[in-house]
Amino acid sequence: MPSVTPTLAKYLALPQNGKVSATYVWIDGNFGLRAKSKTLDSVPKSIDELGEWNFDGSSTNQAEGHDSDVYMRPVAIFKDPFLGGDNILVMTDTYQADGTPNHTNHRAKALEAMTAAAEYIPWFGIEQEYTLLDVDGQPLGWPKNGFPGPQGPYYCGIGASKVYGRDVVEAHWRACVYAGVNISGTNAEVMPAQWEYQVGPCEGIDMGDHMWMSRYILGRVAEDFGIDVTFHPKPIKGDWNGAGCHTNYSTEQMRQPGGMKYIIEAIEKMSKRHAAHIAVYGSDNEQRLTGKHETADINTFKYGVADRGSSIRIPRPVDAKGYGYFEDRRPASNIDPYAVTDIIIRTTLLDETDE
C-alpha cells in the first residue's frame, strides 16, 4: 500500500524529545536488504558509539533455528531521509556468535583487499540499472497482456509515452543526496520502466557501503509510491535490454598522464580470470550476457575503445588522453558490490590468479 503522506506527516511532526532513531540495514541471505530500528538517547558522534545488534537469522536465510542469532556491526552512518532530523541510517555487516563473518558477508573479505591495496588509491563508480514494477509484477506502465513499442525512444526519453516512474527516480536522487550517498546521476534506460543511477567515484570499501545504502533508499522510496523494484538482470525475456551494474575502475597511476599503460596491464590480468570474475558478477547473468543488447557473450572476453559490445570498454576520451579509467560491463544488476570490487582489486593490484 502506498504511503498515506498527510496522515504520516502529523506524526513525523511530533518532537522526539532528544531521542534518535537508528535504522540498522543489513544484507540478507538472498542478497536483499532488511532493516530494523532502535532508539538512541543522543546523536552518535562516530560509528564507534553505535553498538553491535542482532537479529533472527533463521528468518532471513542466514542461520539455522537452533542457533539463530546473527550479529550486526555498524560500518557507515547516513542521514535518514525518511524520518529527517537527527535520525540516521546505519549500514552494517553480519557476523556469527563466534565473531566469524556470516556466509553472506562479503564486506569483511573486501575490506582486507582494500586495506592491502590502499596505497594505489582505487576509485570505483557503479552504474546501477533496475526495473520498476507495478503491484502485479509487470513493468510499470506496460500495457496489460501486451508489450510497449520496440526499444528506441525510451533511453533518456522525455514524455508520458516514453518514461514511466520518474517521480520515484527524482525522489530517490534527492533522498540519496540528503542521506550523504555519493549519487552522481540518473537516466532512463533502453527498456521502458528501466532506469539507471550512478554512485561514485568512491574510494575502496566506500563503494559497497554507498551502493548498498542507495539500494535500501530506492526500495523505501518505491514503497512509498506503491511500486516494486527488481534488480534481475533480465526481467523480461526477448528483444529487450537486460540490466547491469557496469563498474568503472581506476587507480591513481591510471588517472595520471601515461596511465594507459596501467589500464591495459589491469585489463590483461582480468582477461586471465574471466571465469572467476563471472562467478561473482551476479546470478542469472547468462540471460543477459548473450552477445546482444550491448553485451559480450558470457563465455567471451574482449575489450575495446568505445565498444559497448565488449566485456571491458575503454571510453574514447580516455583513449584520446592516454589516461583515466575503464568500464567493466560484465557485472549484472544484482551483484554484491563488495564481491565485485574485491575481486577487481585482488586481480589487478594483489596479483591473485587461479593457478
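**Exercise 1. Contacts of M213**

Task: In this predicted model, find which residues M213 is in contact with, leaving aside its neighbours within four places in sequence.

Solution:
- Step 1. Set aside the residues within four places of M213 in sequence, and list what is left: V25, F78, L89, V90, M91 and V181.
- Step 2. Now place M213 in its wider setting. The largest nonpolar core has 67 residues, and M213, M91, I217 and F326 are the ones that touch the most other members.
- Step 3. Look for the element that supplies the largest share of this core: helix 4 does, with nine residues.
- Step 4. A second core, separate from the one above, has 12 residues, including L40, M72, I88 and V90.
- Step 5. Finally, a general idea to keep in mind: in soluble globular proteins, nonpolar side chains tend to be buried together.

**Exercise 2. The largest pocket**

Task: Describe the largest pocket by its volume, its lining and the classes of its lining residues.

Solution:
- Step 1. Start with the space itself: the volume is about 720 Å³.
- Step 2. Turn to the lining, which is made of 30 residues; nearest the centre of the pocket lie F31, G32, L33, W212 and F231.
- Step 3. Match the lining to the fold. Strand 2 (33–40), helix 4 (206–224) and strand 9 (228–230) each supply at least two residues, and helix 4 gives the most, with seven.
- Step 4. Sort the lining by class: 14 residues are nonpolar, 10 are polar and six are charged.

**Exercise 3. The second largest pocket**

Task: Do the same for the second largest pocket: how much space lies in it, and which residues line it?

Solution:
- Step 1. The space in this pocket comes to about 430 Å³.
- Step 2. Its lining has 18 residues, and S3, L8, P81, F82 and D224 lie nearest the centre.
- Step 3. Helix 1 (5–12), helix 3 (166–179) and helix 4 each supply at least two of the lining residues.
- Step 4. By class, this lining holds 12 nonpolar, two polar and four charged residues.

**Exercise 4. Backbone angles to look at twice**

Task: Locate N17 and A193, and decide whether each is buried or exposed.

Solution:
- Step 1. Recall the background: most residues other than glycine have a negative phi, and most peptide bonds are trans.
- Step 2. N17 has a positive phi, near 55 degrees. N17 sits in the loop between helix 1 and strand 1 (20–27).
- Step 3. The relative accessible area of N17 is 70%, so N17 is exposed.
- Step 4. A193 also has a positive phi, near 80 degrees, and belongs to the loop between strand 7 (183–188) and strand 8.
- Step 5. A193 counts as buried, because its relative accessibility is 3%.
- Step 6. For a peptide bond, look at the one joining G200 and P201: it is cis, with omega about 5 degrees. P201 is found in strand 8 (residues 194–203).

**Exercise 5. Counting disulfides**

Task: How many disulfides are there, and why does C156 not form one?

Solution:
- Step 1. Remember that a disulfide is a covalent bond between the sulfur atoms of two cysteines. The cut-off to apply is sulfur atoms within 2.5 Å.
- Step 2. Take C156: the closest cysteine sulfur, in C245, is 17 Å away, so the pair is too far for a bond. C156 is partly exposed, at 42% relative accessible area.
- Step 3. Take C202: the closest cysteine sulfur belongs to C176 and lies 11 Å away, again too far for a bond. C202 counts as buried, at 4% relative accessibility.
- Step 4. The count comes to zero disulfides.

Technical notes:
Residues numbered from 1 in each chain as written. Heavy atoms only, no water. 1 Å grid on protein atoms, 1.4 Å probe; cavity = no way out; pocket = protein on both sides within 12 Å on 5 of 7 lines; lining within 4 Å. Points joined across faces, edges and corners; volume = space filled by probe spheres on them. Helix = DSSP H or I, 4+ residues; strand = E, 2+ residues; numbered from the N terminus. Nonpolar A, V, L, I, M, F, W, Y, C, P; charged D, E, K, R; others polar. Buried < 20%, exposed > 50% of the residue type's maximum accessible area, 1.4 Å probe, protein only. Core = buried A, V, L, I, M, F, W, Y, C linked by side-chain atoms within 4.5 Å. Contact = heavy atoms within 4.5 Å.
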